[in-house]
Every structure is written in structure tokens, then in C-alpha cells.
Amino acid sequence: METNALGITHRYMKQVIQSGDRVIDATAGNGHDTLFMAKLVGKNGHITAFDIQPQALENTKKRLEKEAVDGQVTLILDGHQNMKQYVEGPVKAVTFNFGYLPGGDHHICTHADTSIAAILAALELISEDGMVLLGIYYGGDSGFEEKDALMAFLKTLDPHEYSVLCHDFINYPNCPPLAVRIIKEKR
């Protein structure tokens with residue numbers, strides 16, 4: 001049983017991502033999700049990973065090289081809201097971690113306006129059986145306004161087009177991250 005947002009997100013990834021798929025890690029960070037997805041898509045799949053911080057992409061690159069899966073990953077130094085400039089759909093999954101880079105400068109963080117634009121771009125790119133996954137980190141010194149804006153936005157998605165499920169550990173202390181899954185409804 002998964003007891004945190006990361007475990008839930010990875011369980012959903014395992015359910016939908018298969019060998020040969022194309023996926024996006026919209027917030028590469030330290031490369032944990034990029035590596036996890038690289039193992040799922042295998043040598044015939046491809047991941048495009050975005051981050052606005054050169055250090056995040058360097059951390060991700062080192063992690064991928066260590067596991068010898070860097071050949072199926074393209075790293076992009078740009079904001080996730082621009083993903084459609086680099087990737088044509090459909091893709092099987094897009095994952096996000098909103099907040100700041102763990103171990104990085106807390107003043108460099110995601111913001112609601114670009115995060116919502118990125119989610120909209122992801123929804124346009126995912127395949128009919130695809131999924132968008134969000135990790136919303138909002139505790140500490142940042143993220144409360146972004147969390148509120150993201151949750152308000154997610155409630156506006158048409159239920160005839162998308163199903164949105166939010167996992168919230170309501171009895172955990174210190175603002176535990178939320179895990180959100182968005183899937184396209186079958187037409």
C-alpha cells in the first residue's frame with residue numbers, strides 16, 4: 001500500500017506506461033520520476049523531461065547515466081508550459097511535481113499561471129488511454145497559493161472529458177503532498 005504521493009504516482013505510472021511508450025516528465029527535478037519512467041518505457045520508448053534549472057537537468061542526467069537509461073531521454077531546459085513546442089502527441093503519460101527542487105533554492109518554484117498552462121498542454125498531448133499525474137507539494141515556505149489555484153482549476157475540468165482523482169493524506173502532519181490523477185474519459 002502506498003503511503004505517500006510519490007508511491008501513488010508511481011503505482012499509476014506502472015498501470016498505464018508500457019515498453020515503447022512516449023511520456024513526459026514535466027518537472028525533471030532530481031530525476032527520480034524520469035528514471036522510473038525510463039525503466040517503464042524501456043529502450044524502445046522515449047521520455048522528454050523539462051526543467052527550468054540547469055542544476056536539475058544535470059542531476060537528472062547523472063542519475064540516468066548511472067543506470068544506463070540516458071539514451072531514451074531528451075532533457076529540455078525550458079518551462080513545462082512550453083512542452084507543445086518540443087513534443088507532438090499523443091503521449092501516454094505526463095507527470096508533474098509542483099513546488100521547488102528538493103535541496104535547491106526555495107525561491108525558484110513553480111507558479112500557478114505556468115503550472116495551469118502546462119496542465120492544459122499536457123491534456124492536449126495525452127492519448128485516449130493516457131494519464132496526467134500531479135504531485136502538489138505545498139508545505140513549508142511556498143506553494144499554498146499555487147495549491148489553491150491548482151485545485152480550483154482542476155474542479156473546472158469537464159467531467160464528460162476528464163476524471164480527476166485527488167489523494168490527500170488528511171491525518172498526516174506538515175502539509176503532505178497531494179497526488180492527483182487525471183484521465184481522459186473514453187469517447
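# A tour of the predicted model

Start by selecting Thr 9: apart from residues up to four places away in sequence, Thr 9 touches Thr 95, Leu 133 and Ala 179. Keep in mind that everything on screen belongs to a predicted model. Thr 9 sits in helix α1, which covers residues 5-16. Is Thr 9 buried or exposed? Its relative accessibility is 7%, so Thr 9 counts as buried, the cut-off for that being under 20%.

**Stop 2: the largest core**

Next, select Met 83, Val 94, Phe 96, Leu 134 and Ile 182. These are the residues with the most contacts inside the largest nonpolar core, which has 30 residues. Now colour the elements that give two or more residues to this core: β4 (91-98), α4 (112-125), β5 (126-136), α5 (144-154) and β7 (178-184). Which of them gives the largest share? It is α4, with 7 residues. In soluble globular proteins, nonpolar side chains tend to be buried together.

Stay in this core and centre the view on Leu 134. Leaving out residues up to four places away in sequence, Leu 134 touches Phe 96, Phe 98, Ile 119, Leu 154, Leu 178, Ala 179, Val 180 and Ile 182. There is also a second core, separate from the one just visited; it has 23 residues, among them Ile 17, Ala 38, Ile 47 and Phe 169.

**Stop 3: helix α5 and its buried face**

Select α5 and show its side chains. Its buried residues are Glu 146, Lys 147, Leu 150, Phe 153 and Leu 154. Turn the view until you look down the axis of α5: the buried residues fall within an arc of 130 degrees, so they line one face of the helix. An α-helix has 3.6 residues a turn, so residues three or four places apart point the same way. What covers the buried residues of α5? The cover includes β4, α4, β5, β6 (162-167) and β7.

**Stop 4: α4 against α5**

Add α4 to the selection. Two packed helices are described by the angle between their axes and the distance between the axes. For α4 and α5 the angle is about 35 degrees and the axes are 9 Å apart. The crossing of α4 past α5 is right-handed. On the α4 side, select Ala 112, Ser 115, Ile 116, Ile 119 and Leu 120; they meet Glu 146, Ala 149, Leu 150 and Phe 153 of α5. Sorted by type, the residues of this contact are 7 nonpolar, 1 polar and 1 charged.

**Stop 5: α2 against α3**

Move to another helix pair, α2 (residues 32-41) and α3 (residues 54-66). Their packing angle is about 35 degrees, and their axes are 9 Å apart. Here α2 passes α3 in a right-handed crossing. To see the contact, select His 32, Thr 34 and Leu 35 in α2, then Thr 60, Arg 63 and Leu 64 in α3. The residues of this contact divide into 2 nonpolar, 3 polar and 1 charged.

While α3 is on screen, pick out Glu 65, which is in this helix. Glu 65 has a relative accessibility of 40% and so counts as partly exposed. Draw a distance from its C-alpha atom to that of Asp 21: the two residues are 44 residues apart along the chain, and the atoms are separated by 20 Å.

**Stop 6: Cys 166 in β6**

Select Cys 166, which has its place in strand β6. Its relative accessible area is 32%, so Cys 166 is partly exposed. What does Cys 166 touch, not counting residues up to four places away in sequence? The residues are Met 151, Leu 178, Ala 179 and Val 180. For a distance, choose Ile 76: Cys 166 and Ile 76 are 90 residues apart in sequence and 28 Å apart in space, C-alpha to C-alpha.

**Stop 7: three loops**

The last selections concern the backbone. Begin with Pro 90, in the loop between β3 (73-77) and β4. The peptide bond that leads from Gly 89 to Pro 90 is cis, with omega near 0 degrees.

Go on to Ala 68, in the loop between α3 and β3. Ala 68 is not a glycine, yet it has a positive phi of about 60 degrees.

Finish at Asn 174, in the loop between β6 and β7. Asn 174 is not a glycine either, and it has a positive phi of about 65 degrees. Is Asn 174 buried or exposed? With a relative accessible area of 72%, Asn 174 is exposed.

Methods: Residues are numbered from 1 along each chain as its sequence is written. This is a predicted model: local features need pLDDT of at least 70, side-chain atom pairs count only at pLDDT 80 or more; totals for chains, interfaces and linings use all residues. Side-chain values use heavy atoms; hydrogens and water are left out. Axes are lines fitted to C-alpha atoms, for helices over the stretch in contact, and angles run from 0 to 180 degrees between N-to-C directions. Helices (H or I, at least four residues) and strands (E, at least two) are DSSP runs, numbered from the N terminus. A crossing is left-handed if the near helix is turned anticlockwise from the far one by less than a right angle, and right-handed if clockwise. Contact means heavy atoms within 4.5 Å. Ala, Val, Leu, Ile, Met, Phe, Trp, Tyr, Cys and Pro count as nonpolar, Asp, Glu, Lys and Arg as charged, and the others, Gly among them, as polar. A nonpolar core is a set of buried Ala, Val, Leu, Ile, Met, Phe, Trp, Tyr and Cys residues joined through side-chain atoms within 4.5 Å. Buried means under 20% relative accessible area, exposed over 50%, partly exposed in between (1.4 Å probe, protein chains only). The arc is that of the directions from the helix axis to the C-beta atoms.
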